[in-house]
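Here is a short set of questions and answers for a first look. Keep the sequence and the 3D view at hand.

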Amino acid sequence: MKTIETWFYVGLLAVILIFGVGMYYEGAISHASTSTQSSSNEYNITLVITNQNYLSSAGRDQPAFYVLENGKLMSSSQIYLPGDSLIRMTIINYDSGPGSVSSAYSKVSGTLNNTEYVFNNSMVNSTAQSGQWISSVPSSNLSHTFTVAQLNLNIMIPSQSIVVAYFHTPASGVLNWQCEVDCGAGSSGWGGAMDTPGWMQGEIVVD
Ligand SMILES: [Cu+2]
């Protein structure tokens, strides 16, 4: 009786060990291979850029970023993201270009492999799924950027396109986002939307 009981517990321990190690390996493999796919703490957010927004301080139409939430366009003056997470950001841009950007922001940075996926370039309403990974957008086709200096994050947005980019958030904090393309009002292009929160700049609240 005693021996049978001992063997039972030895067997149980073996099952737990084998199963546990197997699960650990499976977890490690799926974590490594899904860095561009879904993972448990991946968070999806979609931004939309439109170009027919009347801004009184500019006296004319200006482009603006919105956060798409439950089918509604919400203000981008404060964008909420979870901390310590892989963010999958989709940006749907109905605006055209081109605009100029300083050389500091002429490449995609701060994203997975310093790249971003662009599809439907110049065909924002197309449902075609083909696209490509890119590391920069030529200024002749650049419309806006979504730039967060504190994260060295620079997502470049071509005219009338859909962009998908992956990046990680810090544990917590309040960051500033800014478009770095001179798409606003005034002689410099840095007035109007460019210096108005919820248009071409704002905060990212990470917690
Ligand atoms: Cu812009």
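Q: Which residues line the largest pocket?
A: This is a predicted model. Its largest pocket has a volume of about 180 Å³. The lining is made up of Y43, N44, I45, T46, V67, L68, E69, M74, S75, Q78, I79 and Y80.

Q: Which element gives the largest share of the lining of the largest pocket?
A: The elements that give two or more residues to this lining are β1 (42-55), β2 (60-69), β3 (72-75) and β4. With 4 residues, the largest share comes from β1.

Q: What is the bridge partner of Q78 in β12?
A: Q78 is one of the residues that line the largest pocket. Strand β4 (residues 78-81) runs parallel to strand β12 (residues 201-206), and 4 bridges join them. In β12, Q78 is partnered by E203.

Q: In which sense do β11 and β12 pair, parallel or antiparallel?
A: Take one bridge first: L175 has I204 in β12 as its partner. Strand β11 (residues 173-178) pairs with β12 over 6 bridges. The sense of this pairing is antiparallel.

Q: Which residues are the protein donors of the copper ion?
A: The donor residues are spaced H-x34-C-x3-C-x16-M in sequence. Their donor atoms are ND1 of the histidine, SG of each cysteine and SD of the methionine. They lie 2.0 to 2.5 Å from the copper ion. The residues are H144, C179, C183 and M200.

Q: What is the geometry of the copper ion's site?
A: The site has 4 donor atoms. Four donors count as tetrahedral if all angles lie between 85 and 135 degrees. Here the angles are 97 to 124°, so the site is tetrahedral.

Q: How many residues apart in sequence are the parts that H144 and C183 tie together?
A: Both residues are donors of the copper ion. H144 lies in strand β8 (residues 142-148), while C183 lies in the loop between β11 and β12. The pair therefore ties together parts whose separation in sequence is 39 residues.

Q: Is C183 buried or exposed?
A: Buried means under 20% relative accessible area. The relative accessibility of C183 is 16%, so C183 counts as buried.

Q: What is the relative accessible area of C179?
A: C179 gives its SG atom to the copper ion. C179 is buried. Its relative accessible area is 0%.

Q: How many disulfides does a search of the whole structure find?
A: C179 and C183 are donors of the copper ion through their SG atoms. A disulfide needs a pair of cysteine sulfur atoms within 2.5 Å. Across the whole structure, the number of disulfides found is 0.

How values were computed
Residues numbered from 1 in each chain as written. Predicted model: local features only at pLDDT ≥ 70, side-chain atom pairs only at ≥ 80, totals over all residues. Heavy atoms only, no water. Buried < 20%, exposed > 50% of the residue type's maximum accessible area, 1.4 Å probe, protein only. Pairing = 2+ DSSP bridges. Donors = N, O, S within 2.8 Å, 3.2 Å for Na, K, Ca; no water. Tetrahedral: all angles 85-135°; square planar, octahedral: opposite > 155°, others 65-115°. 1 Å grid on protein atoms, 1.4 Å probe; cavity = no way out; pocket = protein on both sides within 12 Å on 5 of 7 lines; lining within 4 Å. Points joined across faces, edges and corners; volume = space filled by probe spheres on them.
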